[in-house]
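Visitor: I'm new to this one, and I'd like a close look at a single part of it. Could you walk me through the place where the domains meet?

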Amino acid sequence: MLFNSFEFLIFFPVVLIGYYLLAHKYRWAFLLVSSYYFYMASEPVLVLLLLASTLVDYYCGLKMDKLQSKDLKRKYLVISILSNVGILIAFKYLFFFIDSLNTVLSFFGVDLPSAEKVQGYSINQILLPVGISFYTFQTMSYTIEVYRGRISAERHLGRFALYVAYFPQLVAGPIEKATRLLPQFRKEIKADLQQIRQGLILMAWGFFLKVVVADRLGLYVDLAYSDPEAYSGLPLILAAFFFAFQIYFDFSAYTAIAIGAAKTMGISLMDNFNRPLFASSIRQFWQRWHISLTQWIRDYLYFPLRKNLKATPLLSVSIVFFVMGLWHGANWTFVVWGLLNGAYLVVETFLLPYRKLLFKKLGLQGTPSKILGWSAAFVLIVFSLIFFRSPTIQDAFLYIRHLFSIQNLHFNILNNYFELIISILLILGVQIVHYFKGNSKVYELVISQSVSIRWLIYLTYILFMVLFAINRQNTFIYFQF
């Protein structure tokens, strides 16, 4: 079920009202049924994978909690990881691996069946389970934490299933740790009108970001990327910058709706963004972008690589960003995007002392240094996202080749200057709001006002949504991951 769908506009109020009408001891069951219904609305049969991942990790957690031997515990940890990674491979990466292997072997004259010829798994190409990368990582984090002895296994199967399937963050995160989310399902929560109002304002902000801003930018971006050979220079440069804002606004929109929906029920989800497009370095960008994923990768991949396998920093960063890229999709474009960002980080770290020394000699410290750092980081991120957005590596290089071929000053390929001006003004407006309030405190701009001003804001919002919403009901970009 899409957040930006008519079905959700009916589903959510029913869930919220039912949640507060029920006694605390029945709420977990109501939320669990609601979450499974939310997930099954897109493709019912794929809920079996969600259920399988839940049962396996619940069982492994219980077994590890009873054992003292680290070796025996490790056996159940391996079962959990192999089960979840196996689901990911079978339903997300199988064709990618087959095609990649076929490409390598064909170089040596060996021909394997292409993905299109593997009939037994053809249904998996059509029915890619929504949110599979998110909920498998979330359940793996639980079993890893139990194995490390940082948390006790959850005995209540229903609450554990709710931790895995909680509908606001099920499809595209944030990837929550059990230590944060599970205790909140046990706590008795009373209706707090102030918190409900804050949550609804956050949700409204998320809908605005999605259907007014991100989808509007998508009109220009989709046109430019659909046929990069037809354009050159300025239109492609503008589309590359627009896509950076589109993907940020699209993903932060989902996060705002998810955090807001949970907040109306008294549940706190972690912030997934911290003004990433204001980062003054690549390192800072990755500390602020998709925070729940980067923390997961750091805690469960980077640190073990450095500590247990004694991997060098360069090798560790390369592996981490390879996985980061592959996590986003079964396509070499994502892998190149990930490795490119890893290379940025390595080079930036190496050059940092020289950059500081140079800036000091030139007198470019403080604000000038931050502006230069922000400009360089932003341009590098925008460039890497060309690979993220392009359907193939060949398309990405074609885009880049035409990007640097400036033949004239024409850049408005939509041939609609009103839409273009509105898009630029919306970017500036949203960035100003994000600069001062981030993405999860937007409600402070509203609730601090008098009642009359608040209602004026509400009415203006409704009018703006009616006049400027893009009526395409696009899926959120991160739904495909």
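Visitor: How many salt bridges does the rule find across the interface of domain 1 and domain 2?

Guide: Just one salt bridge turns up across the interface of domain 1 and domain 2. Bear in mind as we go that this is a predicted model. Let's get our bearings before looking further at that interface. The chain is split into domain 1, running over 6–190, and domain 2, running over 195–480. Take the C-alpha centre of each domain and you'll find the two 26 Å apart. On the domain 1 side, 39 residues take part in the contact, and domain 2 brings 36 residues to it.

Now for the area. Between them, domain 1 and domain 2 bury about 3300 Å², and 68% of that is on carbon and sulfur atoms. If you want names to look for in domain 1, try F96, F137 and P174: these lose the most area to domain 2, and together they make up 17% of what that side buries.

Polar contacts have a part here too. Across the interface of domain 1 and domain 2, the rule finds 17 residue pairs in polar contact, with both residues at pLDDT 80 or more.

So what is the domain 1 side built from? Several helices each supply at least two residues to the side of domain 1 that touches domain 2: helix 1 (6–21), helix 4 (70–107), helix 6 (132–147), helix 8 (167–170) and helix 9 (178–186). Helix 6 gives the most to that side, with seven residues. Sort the side of domain 1 that touches domain 2 by class and you get 26 nonpolar, seven polar and six charged residues.

While you have the model open, here's a salt bridge to pick out by name: D299 pairs with K177, and their closest N and O atoms are 2.8 Å apart.

One last stop takes in the aromatic rings, where the count comes to 52 aromatic pairs. Among them is the edge-to-face pair of Y248 and F273, at 5.6 Å centre to centre with 70° between the planes. That pair links distant parts of the chain, 25 residues apart: Y248 sits in helix 11 (residues 234–264), while F273 is in the loop between helix 11 and helix 12 (282–288).

Definitions and conventions
Residues are numbered from 1 along each chain as its sequence is written. This is a predicted model: local features need pLDDT of at least 70, side-chain atom pairs count only at pLDDT 80 or more; totals for chains, interfaces and linings use all residues. Side-chain values use heavy atoms; hydrogens and water are left out. Domain bounds come from an automatic or database domain assignment. Contact means heavy atoms within 4.5 Å. Buried area is the accessible area (1.4 Å probe) that two parts lose on being put together, summed over both. A salt bridge is a side-chain nitrogen of Lys or Arg within 4 Å of a carboxyl oxygen of Asp or Glu. A polar contact is a pair of N or O atoms within 3.5 Å; within protein, one must be able to donate a hydrogen and the other to accept it, and residues adjacent in sequence count only if both atoms are side-chain atoms. Helices (H or I, at least four residues) and strands (E, at least two) are DSSP runs, numbered from the N terminus. Ala, Val, Leu, Ile, Met, Phe, Trp, Tyr, Cys and Pro count as nonpolar, Asp, Glu, Lys and Arg as charged, and the others, Gly among them, as polar. Rings of Phe, Tyr and Trp (its six-membered ring) pair if their centres lie within 6.5 Å; planes under 30 degrees apart count as stacked, over 60 as edge-to-face and the rest as tilted.
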